[in-house]
Amino acid sequence: MKKIEAIIRPEKLDEVTNALKDIGYPGMTVFDVRGHGRQKGLSQRWRGQEYRVEFPPKLKLEIVVLDQDVGKIMGAIMRSARTGELGDGKIFVLPVEDALRVRTGDDGDKAI
């Protein structure tokens, strides 16, 4: 099993969620986060004044998936989250040693 962590633009959540539902992965955890990589923040204008947002708002999605599904999940996220501009986000893949469904006691692959 693997855990996919994806940092995306907030306005792309619906597109990413729909893309994941279309390939059979409707479950995920979503966090409000702030940060930047190479983007290094952004400049905006409000009431005629320019101001700098050092840590723009992003969303972090966490999804635990079967090993064989990692590629299609990453592809779905990438296609649906991409704008082609700086700040589109990142996707990370981490190993998951075990999982347990609290309600049923199922563990391992059966828990996801």
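Six bridges join strand S1 to strand S6, and the two strands run antiparallel; here strands (E, at least two residues) and helices (H or I, at least four) are DSSP runs numbered from the N terminus, and two strands pair if DSSP finds at least two bridges between them. Within this pairing, Lys 3 has Leu 94 of S6 as its bridge partner. S1 also pairs with S5, again in the antiparallel sense, over seven bridges, and in that ladder Lys 2 stands opposite Val 65 of S5. The model is a predicted one, in which local features need pLDDT of at least 70 and side-chain atom pairs count only at pLDDT 80 or more, whereas totals for chains, interfaces and linings use all residues. Residues are numbered from 1 along each chain as its sequence is written, and side-chain values use heavy atoms, with hydrogens and water left out.

The chain contains two helices and six strands, arranged from the N terminus on in the order β-α-β-β-β-β-α-β. Its C-alpha atoms fill a box of roughly 55 × 25 × 20 Å, taken along the principal axes. The mean pLDDT, the predictor's confidence in each residue on a scale from 0 to 100, is 91 for the chain, and 95% of the residues score at least 70. Among the elements, strand S3 (residues 42-46) has the lowest mean value, 68, and strand S6 (residues 90-95) the highest, 98. With contact defined as heavy atoms within 4.5 Å, 70% of the contacts between residues at least 6 apart in sequence join residues at least 24 apart. The accessible surface, obtained by the Shrake-Rupley method with a 1.4 Å probe and, for residues, with only the protein chains shown counting as cover, comes to about 7,600 Å², of which 50% belongs to carbon and sulfur atoms. Of the 112 residues, 33% count as buried, where buried means under 20% relative accessible area, exposed over 50%, and partly exposed in between (1.4 Å probe, protein chains only).

Helix H1 (residues 13-22) has Val 16, Thr 17, Ala 19 and Leu 20 as its buried residues. These residues lie on the same side of H1 because they cover an arc of only 160° around the axis, the arc being that of the directions from the helix axis to the C-beta atoms. An α-helix has 3.6 residues a turn, so residues three or four places apart point the same way. The cover over the buried residues of H1 includes strand S1 (2-8), strand S5 (57-65) and helix H2 (70-81), while on the other side of H1 Asp 14 and Asp 22 are exposed. Lys 21, also located in H1, counts as partly exposed because its relative accessibility is 47%; its C-alpha atom is 9.9 Å from that of Ala 76, a residue 55 places away in sequence. Just after H1, Gly 24 adopts a positive phi of about 90°.

The largest nonpolar core, a nonpolar core being a set of buried Ala, Val, Leu, Ile, Met, Phe, Trp, Tyr and Cys residues joined through side-chain atoms within 4.5 Å, has 16 residues, of which Ile 8, Val 16, Leu 20, Ile 63, Val 65, Ile 73 and Ile 77 touch the most other members. At least two residues of this core come from each of S1, H1, S5 and H2, and H2 gives the most, with five residues. In soluble globular proteins, nonpolar side chains tend to be buried together. When residues up to four places away in sequence are not counted, Val 65 touches Met 1, Lys 2, Ile 4, Tyr 25, Val 70, Ile 73 and Ile 112.

Val 93, placed in strand S6, counts as partly exposed because its relative accessibility is 36%. Leaving aside neighbours within four places in sequence, Val 93 is in contact with Lys 2, Lys 3, Ile 4, Val 70 and Met 74. Its C-alpha atom is 9.8 Å from that of Glu 62, the two residues being 31 apart in sequence.

Two loop residues complete the description. Phe 55, in the loop between strand S4 (49-53) and S5, touches Arg 34, Gly 35 and His 36, with residues up to four places away in sequence not counted. Arg 38, in the loop between strand S2 (29-34) and S3, is exposed, with a relative accessible area of 74%, and its C-alpha atom is separated by 7.6 Å from that of Leu 86, 48 residues away along the chain.
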